[in-house]
Amino acid sequence: EKGHSLFTYYFLKEIADGAPSGGMTNRWLETAVERDVSDLAARKFNRKQTPQFIGNPNRGVLRD
């Protein structure tokens, strides 16, 4: 809709949805974004897309 890439769309969506119980870590965010981006890229665009995050996977992003 807004012209974002799949990665940006799902990254912002997860941030906007808020932290799960216990807080949001880089690992949690990467898992959620990777799942959604990979699924939609395959279904809608018939291509493989696997986003990757760089950094400490245990670092907190958002707190509940």
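Helices, at least four residues long, and strands, at least two, are taken here as DSSP runs and numbered from the N terminus, and on that footing the chain I want to show you this morning has 2 helices and 2 strands. Read from the N terminus on, these elements follow one another in the order α-β-α-β. I should say at the outset that what we have is a predicted model, so please hear everything that follows with that in mind.

Let me begin with confidence and overall dimensions. The mean pLDDT of the chain is 87, with 94% of its residues reaching 70 or more. Broken down by element, the highest mean, 93, belongs to helix H2, residues 26-45, while the lowest, 78, belongs to strand E2, residues 60-62. The C-alpha trace spans about 35 × 25 × 15 Å along its principal axes, and of the 64 residues in the chain, buried ones make up 22%. As for the contacts with a separation of 6 or more, 61% of them are accounted for by residues that stand 24 or more positions apart.

Now to the two helices. The axes of H1 and H2 come within 9 Å of one another and cross at roughly 135°. Because an angle of that kind falls between the ranges for roughly perpendicular, 65 to 115, and roughly antiparallel, over 145, H1 is classed as oblique to H2. The crossing in which H1 passes H2 is right-handed. On the H1 side, the residues that meet the other helix are Leu6, Phe7, Tyr10, Phe11, Glu14 and Ile15, and on the H2 side their partners include Trp28, Leu29, Val33, Asp36, Val37, Leu40 and Phe45.

Which residues form the largest nonpolar core? There are 8 of them, namely Leu6, Tyr10, Met24, Leu29, Val33, Val37, Leu40 and Ala41. Two elements, helix H1 (6-17) and H2, each give two or more residues to this core, and the largest share, 5 residues, comes from H2. Leu6 deserves a separate word: once residues up to four places away in sequence are set aside, Leu6 touches the core members Val37, Leu40 and Ala41, and beyond those Leu6 also touches Phe45, Arg47 and Gln49.

Staying with H1, let me turn to Phe7, which lies in that helix. Is Phe7 buried, partly exposed or exposed? With a relative accessible area of 28%, Phe7 is partly exposed, since the buried class requires under 20% and the exposed class over 50%. Neighbours within four places in sequence aside, Phe7 is in contact with Val33, Val37, Gln49, Pro51 and Phe53. Measured is not the word for a model, so I will say computed: from C-alpha to C-alpha, Phe7 and Asp36 are 8.8 Å apart in space, although 29 residues apart in sequence.

Across in helix H2 we find Ser38, whose C-alpha atom is separated by 9.4 Å from that of Phe7, 31 residues apart along the chain. Ser38 is partly exposed, at a relative accessible area of 24%, and, again not counting residues up to four places away, Ser38 touches Gln49, Thr50 and Pro51. Glu34 also has its place in helix H2, and its relative accessibility of 30% puts Glu34 among the partly exposed residues. Which residues is Glu34 in contact with, leaving aside its neighbours within four places in sequence? They are Thr50 and Pro51. The C-alpha atoms of Glu34 and Pro57, 23 residues apart along the chain, are separated by 14 Å.

I will finish with two loop residues. Pro20 sits in the loop between H1 and strand E1 (24-25), and with 22% relative accessibility Pro20 counts as partly exposed. Pro20 and His4 are 16 residues apart along the chain, and their C-alpha atoms are separated by 24 Å. Asn46, for its part, lies in the loop between H2 and E2. Although Asn46 is not a glycine, Asn46 has a positive phi of about 50°, and at 71% relative accessibility Asn46 counts as exposed, the cut-off for that class being over 50%.

Note on methods
Residues are numbered from 1 along each chain as its sequence is written. This is a predicted model: local features need pLDDT of at least 70, side-chain atom pairs count only at pLDDT 80 or more; totals for chains, interfaces and linings use all residues. Side-chain values use heavy atoms; hydrogens and water are left out. pLDDT is the predictor's confidence in each residue, from 0 to 100. A nonpolar core is a set of buried Ala, Val, Leu, Ile, Met, Phe, Trp, Tyr and Cys residues joined through side-chain atoms within 4.5 Å. Buried means under 20% relative accessible area, exposed over 50%, partly exposed in between (1.4 Å probe, protein chains only). Contact means heavy atoms within 4.5 Å. Axes are lines fitted to C-alpha atoms, for helices over the stretch in contact, and angles run from 0 to 180 degrees between N-to-C directions. Angles under 35 degrees count as roughly parallel, over 145 as roughly antiparallel, 65 to 115 as roughly perpendicular and the rest as oblique. A crossing is left-handed if the near helix is turned anticlockwise from the far one by less than a right angle, and right-handed if clockwise.
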